[in-house]
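User: I am new to this structure and would like to know what stands behind the terms used for it. Please set the values against the cut-offs as you go.

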Amino acid sequence: MLERLAGQQFYCFLDGFSGYFQIPIAPEDQTTFMCPYGTYAYRRMPLGLCNAPATFQRCMVAIFQDMIESSMEVFMDDFSVYGDSFDQCLVNLERMLKRCVETKLMLNWEKCHFMTKLR
């Protein structure tokens, strides 16, 4: 991954918003838990489940499978979009953001950095 990123001119670093909690749990897979206030079931994947990291990573790879290794890298809820020119990085970023809209994947804009040029 570092070798693919090393030769690029421009980078965009994006952060997913509430990572795991964006993944819905199928109704048949929801388990209930009890507390003093009642019985509840998670409808979204909570942080702390033993398979949550692997499940989340698989989801991200499935969503961006045609872009990984050619225009972006993804690790959990951190995305690196790159290009060897400003225009190419902008095209790659647009594709990635369109995919986020299509899949309803939210980003934390406060932690995103666009068109960064490393020295």
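**Salt bridges, pockets and a sheet**

Analyst: A search of the whole structure, which is a predicted model, finds 4 salt bridges.

User: What makes the contact between D66 and R95 a salt bridge?

Analyst: The side chains of D66 and R95 come to 3.4 Å, N to O. The cut-off is 4 Å between a side-chain nitrogen of Lys or Arg and a carboxyl oxygen of Asp or Glu, so the pair qualifies. The two residues belong to distant parts of the chain, 29 residues apart: D66 sits in the loop between helix 2 (52–63) and strand 4 (72–75), and R95 in helix 3 (residues 86–103).

User: Why is D66 called partly exposed?

Analyst: D66 has 41% relative accessibility. Partly exposed covers what lies between under 20%, called buried, and over 50%, called exposed, so D66 falls in between. R95 is partly exposed for the same kind of reason, because its relative accessibility is 35%.

User: How do you know that K98 and E94 form a salt bridge?

Analyst: Their closest N and O atoms are 3.7 Å apart, and this is within 4 Å, so the pair counts as a salt bridge. K98 and E94 both lie in helix 3, with their positions 4 residues apart, about one turn of the helix. E94 has a relative accessible area of 45% and is therefore partly exposed.

User: Which residue does R99 bridge to, and at what distance?

Analyst: R99 forms a salt bridge with E102, with the closest N and O atoms 3.6 Å apart. That is within 4 Å, so the term applies. R99 and E102 are 3 residues apart in helix 3, which means that about one helical turn separates them.

User: Is R99 buried or exposed, and is E102 buried or exposed?

Analyst: R99 has a relative accessible area of 17%, which is under 20%, so R99 is buried. E102 has 58%, which is over 50%, so E102 is exposed. Salt bridges that share partners join R99 and E102 with D66 and R95 into one network.

User: What lines the largest pocket, and what is its volume?

Analyst: The volume of the largest pocket is about 200 Å³. Its lining has 13 residues, and Q22, I23, P24, R44 and K104 lie nearest its centre. Helix 2 gives the most to this lining, with 3 residues. By class, the lining has 8 nonpolar, 3 polar and 2 charged residues.

User: Which residues line the second largest pocket?

Analyst: The second largest pocket has a volume of about 170 Å³. I23, P24, I25, A26, D29, M45, L49, C50, N51, A52 and T55 line it. The classes of this lining are 8 nonpolar, 2 polar and 1 charged residues. Asp counts as charged, so D29 belongs to the charged class.

User: What makes strand 4 and strand 6 edge strands?

Analyst: The sheet is open, with 4 strands in the order 4-5-1-6 and antiparallel pairing. Strand 4 and strand 6 (113–116) each pair on one side only, and they are the edge strands. From one strand to the next, the twist averages 15°.

User: How do you know that strand 4 pairs with strand 5?

Analyst: Strand 4 and strand 5 (residues 78–83) run antiparallel and are joined by 4 bridges. Pairing needs at least two bridges, so these strands count as paired. M72 stands opposite V81 in strand 5.

Note on methods: Residues numbered from 1 in each chain as written. Predicted model: local features only at pLDDT ≥ 70, side-chain atom pairs only at ≥ 80, totals over all residues. Heavy atoms only, no water. Buried < 20%, exposed > 50% of the residue type's maximum accessible area, 1.4 Å probe, protein only. 1 Å grid on protein atoms, 1.4 Å probe; cavity = no way out; pocket = protein on both sides within 12 Å on 5 of 7 lines; lining within 4 Å. Points joined across faces, edges and corners; volume = space filled by probe spheres on them. Axes fitted to C-alpha atoms, helices over the stretch in contact; angles between N-to-C directions.
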